[in-house]
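Hi everyone, thanks for making the time. I'd like to walk you through one model today, stopping at a handful of residues along the way. Have a look at it first, and then we'll start.

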Amino acid sequence: MEANEHEPHDQQPPDAHDHSATPRATAFLWGGIGLGVLLVLFLLTHGFGLLSHGGSQPEAPVLVRHGNMIFVPESSALRQRLTVMPAPTRLESGRITAPGMVEADPARTVAVLSSGAGRVQSLKVALGDRVRRGAVLAVIDSPDLAQAYDDNDKAASSARLAATNLKRAEEQFKIGATAQRDLDQARNDNAQAAAEYARTRARLRAMGAPADARGTERLLTVRAPMNGSVTVLATAPGAQINDITQPIMTIADLSVVWVTALVAEKDVAVLAPGQDAEVSVTAYPGRPLHGKVLFVPDVIEADSRRNKTRIAFENPDNALKPNMFTTVTLYGPAHTRVVLPSSALLMNNDRTTVFIATAPWTFERRTVEPLLEESSQVAIASGVQPGEQVVVRGGILLND
């Protein structure tokens with residue numbers, strides 16, 4: 001027991017009971033953690049690229065926009081993918097081919113009206129008949145004409161009476177049997193009666209009726225206003241005419257007719273009066289007609305988007321008939337036109353555009369008007385001038 005009591009305690013293993021090294025290890029641990037946190041913060045601030053690229057600068061942009069201009073930098077790989085060339089041109093012959101038809105000259109076409117309402121008693125012509133000026137076309141039993149004759153008869157009677165009264169008043173004034181006032185009244189009555197009689201006779205002339213007709217001759221006679229053919233007939237014997245503004249027939253002088261060429265909108269720019277024209281009529285193959293453009297209208301037809309260009313032809317034998325189909329060839333002056341590869345054209349909303357180089361590797365978008373062509377080459381009506389530098393390949397890379 002005594003030996004155990006005097007056994008020194010420092011003989012125990014130091015690792016089991018000695019804790020004097022713990023503060024030093026803890027300090028070392030927290031120092032390592034701090035350095036790690038600082039390293040993470042540095043990488044977050046300056047980017048991990050410093051580790052992989054050794055601190056190199058960001059890549060250069062592919063293209064740079066300045067308002068409407070687009071610049072492709074020298075370092076851009078896009079330069080290798082763009083093909084730029086001067087806008088080429090080709091010589092156009094000016095020859096235009098268009099469908100057409102024969103039409104009557106409106107200045108030689110008359111819609112025949114009845115000058116009074118009534119019933120058609122007889123019709124003297126048929127559709128397609130050729131008539132001479134003054135020929136009777138129809139006879140109408142017209143109450144309007146009967147009223148006009150009655151008015152004329154009354155006016156004639158009043159005029160005769162007023163003339164007699166004036167003559168009597170003048171004779172009586174000479175012998176002092178009447179006053180000046182009575183003579184003046186007689187003169188006034190005579191003047192008014194004469195004016196009314198003149199009006200009723202003018203009314204009969206306007207209706208085409210003779211003033212001296214009597215009895216059954218007092219019928220409304222419609223006569224041809226010109227030489228021509230009856231191309232439209234809108235009445236028949238026994239028909240009642242109530243609206244005198246509606247034509248009862250149409251007469252056209254076909255000794256001169258028009259050939260109307262339906263020229264496409266894209267060819268209108270080269271049209272001009274006086275151009276040579278050749279017309280092939282379907283009804284007469286191998287018999288071309290040669291003439292000159294009479295006039296080019298200032299409007300485009302809204303439904304067909306075509307211009308109705310007219311050529312006049314003499315037609316003494318009436319061989320050319322309205323509504324015949326024709327093929328018209330117009331010969332205009334030769335001209336040059338810009339032609340681009342279809343790969344140069346870009347669709348931008350509802351517009352067709354191309355990119356034009358305004359300076360080395362500097363481009364602007366330009367709206368163009370292409371002509372419809374089924375080809376790899378497209379003619380340009382406007383928007384590009386000959387020789388301008390055009391992006392013909394890769395322009396889609398510059399597109400928005």
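**A walk through the model, residue by residue**

Let's begin with asparagine 307, which sits in strand β17. Please keep in mind throughout that what you see is a predicted model. Is asparagine 307 buried or exposed? Asparagine 307 has a relative accessibility of 1%, so it counts as buried, the cut-off being under 20%. What does asparagine 307 touch, leaving out residues up to four places away in sequence? The list is Ala261, Leu262, Val263, Val268, Leu271, Val296, Pro297, Val299 and Ile300. One of these partners deserves a second look: the backbone oxygen of valine 299 lies 3.2 Å from the side chain of asparagine 307.

Let me step back for the overall picture. The protein has 400 residues, and 33% of them count as buried. You can pick out six helices and 24 strands. If you take the contacts between residues at least 6 apart in sequence, 71% of them join residues at least 24 apart.

How confident is the prediction? The average pLDDT of the protein is 85, and 84% of the residues reach at least 70. There are stretches to treat with care, though. Over residues 40-56 the pLDDT is below 50, and the model gives this stretch six contacts beyond near neighbours in sequence. Residues 24-29 also stay under 50 in pLDDT, and there the model has zero contacts beyond four places in sequence.

Next stop, serine 142. You'll find serine 142 in the loop between β9 (136-141) and α5 (143-174). Its relative accessibility is 4%, which is under the 20% cut-off, so serine 142 counts as buried. Which residues does serine 142 touch, not counting those up to four places away in sequence? They are Gly116, Ala117, Gly118 and Leu220. Serine 142 and leucine 220 are 78 residues apart along the chain, yet their C-alpha atoms are separated by 6.2 Å. Closer to home in sequence, the side chain of serine 142 reaches the backbone nitrogen of aspartate 144 at 3.2 Å.

Now over to tyrosine 331, in strand β18 (residues 325-331). With a relative accessible area of 37%, tyrosine 331 falls between the 20% and 50% cut-offs and is therefore partly exposed. Setting aside neighbours within four places in sequence, tyrosine 331 is in contact with Gly94, Arg95, Gln275, Asp276 and Glu278. How far apart in space are tyrosine 331 and isoleucine 96, C-alpha to C-alpha? The distance is 6.5 Å, for two residues that are 235 apart in sequence.

Glutamate 74 makes a nice companion example. Glutamate 74 is in the loop between β2 (69-71) and β3 (83-86). Here the relative accessibility is 69%, over the 50% cut-off, so glutamate 74 counts as exposed. Its C-alpha lies 8.6 Å from that of tryptophan 361, with their positions 287 residues apart along the chain.

A quick word on backbone angles. Most residues other than glycine have a negative phi. Two asparagines here go the other way. Asparagine 318, in the loop between β17 (306-314) and β18, has a positive phi of about 55°. Asparagine 349, in the loop between β20 (346-348) and β21 (351-359), has a positive phi near 60°. Their surroundings can be set side by side: asparagine 318 is buried, with a relative accessible area of 11%, whereas asparagine 349 counts as exposed at 73%.

Last topic, the largest pocket. It holds about 430 Å³ of space. Of its 16 lining residues, Glu265, Lys266, Glu369, Pro370 and Leu371 are the closest to the centre. Which strand gives the largest share of the lining? That is β19, with four residues. At least two lining residues each come from β19 (335-341), β22 (362-370) and β23 (377-382). Sorted by class, the lining has 10 nonpolar, two polar and four charged residues.

That's my tour. Thanks for listening, and I'm happy to go back to any of these stops.

Methods
Residues numbered from 1 in each chain as written. Predicted model: local features only at pLDDT ≥ 70, side-chain atom pairs only at ≥ 80, totals over all residues. Heavy atoms only, no water. Buried < 20%, exposed > 50% of the residue type's maximum accessible area, 1.4 Å probe, protein only. Contact = heavy atoms within 4.5 Å. 1 Å grid on protein atoms, 1.4 Å probe; cavity = no way out; pocket = protein on both sides within 12 Å on 5 of 7 lines; lining within 4 Å. Points joined across faces, edges and corners; volume = space filled by probe spheres on them. Nonpolar A, V, L, I, M, F, W, Y, C, P; charged D, E, K, R; others polar. pLDDT = per-residue confidence, 0-100. Polar contact = N/O pair within 3.5 Å; in protein donor to acceptor, adjacent residues only side chain to side chain.
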